[in-house]
Structure formats: C-alpha cells, structure tokens
Amino acid sequence: LIASAYRRETEQRLAAERSAALAAAEGRRAAARSKSARRAVDHMYTAVAEKWLANEARLTPLQREFLQEALRLYEEFANEESSDPTVLEEMGKAYHRVGEIHRALGEHEPAEKNYGKAIFVFAKLAADSPTEPQYIDDIASSYNTLGLLLKDTGRQKEAENQYRLALSAGKELTQKYPENSPSSERTTSGV
C-alpha cells in the first residue's frame, strides 16, 4: 500500500514536471515567434514605409492602408506585458514607431501620447540599467521626435523644451560613453 502510494506520488510529480517543462518550452517558442514577427514588421516598415514618408508629401490610399496595418501590429507589440529588458526595449521602440505612424497619418494627439510612452519606457530602462548607452540614445531620439511633432503643430515653446531634453540626454550619452554616442547629430535636428 505504501509502495503504491509512493509510486502514484512519483508519477504525479514526474507528470507535473513534464507539464512544466512543456509549458516553459512553449513559452520560449511563443517568445521567439513574437520576436520574429517584430523583426518582420520592423523590416517591412523600414524597407518600405520610411522611404515613403521621406519622399512623399501626401500618402496614397495604398500607403495609408499599409501604415494602418503596421500601426495595428506595432500597437500589439507595445501592449505586451513583460519585465524582460529586451522585451521592454522592443516595447519602447514599438511605441516610438506607433507615434511615427500616427504623425505620418496626421494624427497628432495619439502620436504625442505614444512618443511620451516611449520616453517613459526608455527612461525606466535607463534607470534600471545605467550602464546601457542604447537606452539613453533612445530617450534622446524620442525627445527629439516629439519636439519635431510639437514644432509641426505650432507649439514652438514645447518643442524647444523637448529639444533641450534631447540635447541633455545626448550630452549625458557623450559624457558617459564618448566612444558610443550615436545620437549627437540626431538630437540637434530640430533645433
């Protein structure tokens, strides 16, 4: 009787361990699929949409439709829940891209809101990982882009404040990491 109970307990424990291992493996596969999807959308966006936005004053209906789909996908990425710094960095980038797309579509209020969310995420990452220069660069870029949006909407004083914040982040990056300061040119583009 004791041997039978021990055997059942061992079988149940082994089954629970197998289930946990399968769930962990599925979680890793889901994370890999999500990362792959983000990479595909990033590639699609940078290969096509950024060129349209740089060369076109007005968007065609097909370009608008494309941007709306990219917007939907980036919003999904931005709403993922995680405490993993890699996922949070992707979330911040997704918020930034959502802001860019809203701006391109002439939707200034949601663009401003999403740039602010990007800044918040990158600031948290920079505070949690002060030795990672990329987060400071991301903050500078987001401040600068928000400044450009504010300037485009006639809010010059607010834009200037964002440019100052971008410059401050760029200076911090240059002081802390002189060998790794990619934002130094970009942070002055709106000034």
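Modeller: Accessible areas here come from the Shrake-Rupley method with a 1.4 Å probe. By that method, this predicted model exposes about 11,500 Å², and carbon and sulfur atoms supply 54% of the area.

Biologist: Good to know! Which pattern does the protein follow along the sequence?

Modeller: Read from start to end, the pattern is α-α-α-α-α-α. The protein has six helices and zero strands.

Biologist: How do you know how closely the reach of α2 fits what is expected?

Modeller: The expected span is 1.5 Å times one less than the number of residues. With its 18 residues, α2 would be expected to span 26 Å, and the distance from its first C-alpha to its last is 25 Å. The two values are close.

Biologist: And which residues of α2 are buried?

Modeller: Among them are Phe66, Leu67, Leu71, Tyr74 and Phe77. Across the whole protein, buried residues make up 35% of the 191 residues.

Biologist: Which residues touch the most other members of the largest nonpolar core?

Modeller: Seven names to look for in the structure are Tyr74, Tyr95, Ile101, Val121, Leu125, Ile139 and Leu146. The core has 35 residues, and α2, α3, α4, α5 and α6 each supply at least two of them. In soluble globular proteins, nonpolar side chains tend to be buried together.

Biologist: Beyond its neighbours within four places in sequence, which residues is Tyr95 in contact with?

Modeller: Tyr95 is in contact with Ala78, Asn79, Asn114, Lys117, Ala118 and Val121.

Biologist: Is Glu89 called buried or exposed, and why?

Modeller: Buried means under 20% relative accessible area. Glu89 has 15%, so Glu89 is buried. This residue lies in helix α3, and beyond its neighbours within four places in sequence, Glu89 is in contact with Phe122, Leu125, Gln134, Tyr135 and Asp138.

Biologist: What makes Glu100 and Arg97 a salt bridge?

Modeller: The cut-off is a side-chain nitrogen of Lys or Arg within 4 Å of a carboxyl oxygen of Asp or Glu. For Glu100 and Arg97, the closest N and O atoms are 3.6 Å apart, so the pair meets that cut-off. The two residues are three apart in helix α3, which means they are separated by about one helical turn.

Biologist: Why does Glu100 count as buried, partly exposed or exposed?

Modeller: Partly exposed covers values between the buried limit of 20% and the exposed limit of 50%. Glu100 is at 22%, so Glu100 counts as partly exposed. Its partner Arg97 has 17%, which means Arg97 is buried.

Biologist: How do you know that the side chains of Arg103 and Asp152 meet in a salt bridge?

Modeller: Their N to O distance is 2.6 Å, so the 4 Å cut-off is met. This pair links distant parts of the chain: Arg103 is in helix α3 and Asp152 is in helix α5, 49 residues apart. Arg103 itself is partly exposed at 26%.

Biologist: How far apart are the closest N and O atoms of Lys176 and Glu172?

Modeller: They are 3.0 Å apart, so Lys176 and Glu172 form a salt bridge. Both residues are in helix α6, four apart, and are separated by about one helical turn. Lys176 has a relative accessible area of 45%, so Lys176 is partly exposed, and Glu172 is also partly exposed, at 33%. Elsewhere, salt bridges that share partners join Glu112, Arg155 and Glu158 into one network.

Biologist: How many salt bridges does a search of the whole structure find?

Modeller: The search finds eight.

Note on methods
Residues are numbered from 1 along each chain as its sequence is written. This is a predicted model: local features need pLDDT of at least 70, side-chain atom pairs count only at pLDDT 80 or more; totals for chains, interfaces and linings use all residues. Side-chain values use heavy atoms; hydrogens and water are left out. Buried means under 20% relative accessible area, exposed over 50%, partly exposed in between (1.4 Å probe, protein chains only). A nonpolar core is a set of buried Ala, Val, Leu, Ile, Met, Phe, Trp, Tyr and Cys residues joined through side-chain atoms within 4.5 Å. Contact means heavy atoms within 4.5 Å.
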